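Thanks for sharing this one with me. Please have the structure open while you go through my comments.

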Amino acid sequence: YKVLLLNGPNLNLLGKREPEIYGADTLDDIIMQLRQAAQQFDIELDHLQSNREYELIEKIHQAMGQVDYIIINPAAFTHTSVALRDALLGVNIPFFEVHISNVHAREAFRHHSYLSDVATGVICGFGTLGYHCALQAVAQKMQQKKQ
Ligand code: DQA
């Protein structure tokens, strides 16, 4: 079972960026922990963080027919990108949308997502635990598929 984890712009700054909102863990810490968890679930985890919309879209295209599930924190592209939405719909790979912060408790422009209505599920406000919740949900889906 293959899972692609995507992180959008500025998430490379995790740990340094507004730690009161996003926490102290760096992206490397988070990825390391997720890889460990994935191994236990027998999931092959690929990861890309990019500040470029183009790179995220290309990665999604490459995943077509190769990846079973996508977990994506689109970061600011959540609120701007019709292109990311179309890419995810275009490859027909189910996905979970994750946000570290509670976007609904923040500025109004963060309340709308171009992805949420086509996502299997959305997690926000759980800190970096949200990524683990999403991974666990994918693992559960994998189990259900096997039965
Ligand atoms: C975010 C929330 C977005 O509004 C913001 O632009 C981010 C991070 C989050 O994980 O809480 O960069 O996706």
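Below are a few numbered points on three residues.

1. A reminder to begin with: this is a predicted model. Please keep that in mind for the points that follow.

2. Let me start with the annotation. The unreviewed UniProt entry lists Tyr-22 and His-99 under "active site". The two span 78 residues in sequence, yet their C-alpha atoms are no more than 9.5 Å apart, so they gather at one spot.

3. Where does Tyr-22 sit? Tyr-22 belongs to helix H1, which covers residues 19–22. Its C-beta has 19 others within 10 Å, and because the cut-off for buried is 20 or more, Tyr-22 is classed as partly exposed. Leaving aside residues up to four places away in sequence, Tyr-22 touches Leu-14, Arg-17, Ile-100 and Ser-101.

4. Now the other annotated position. His-99 is located in strand E4 (residues 95–99). Is His-99 buried or exposed? It counts as buried, with 23 C-beta neighbours inside 10 Å. Beyond residues up to four places away in sequence, the contacts of His-99 are Asn-73, Cys-124 and Gly-130.

5. Ile-70 deserves a look too. This residue is part of strand E3, residues 69–73, and is buried because 25 C-beta neighbours lie inside 10 Å. Which residues does Ile-70 touch, not counting those up to four places away in sequence? They are Leu-4, Leu-6, Ala-63, Leu-88, Ile-93 and Phe-95.

6. One last distance for you to check on screen: Ile-70 and Ala-119 are 49 residues apart along the chain, and their C-alpha atoms are separated by 9.8 Å.

Key: Residues numbered from 1 in each chain as written. Predicted model: local features only at pLDDT ≥ 70, side-chain atom pairs only at ≥ 80, totals over all residues. Helix = DSSP H or I, 4+ residues; strand = E, 2+ residues; numbered from the N terminus. Buried ≥ 20, exposed ≤ 12 C-beta atoms within 10 Å, placed from the backbone. Contact = placed C-beta atoms within 7 Å. UniProt positions renumbered as here; feature names shortened; annotations may be inferred.
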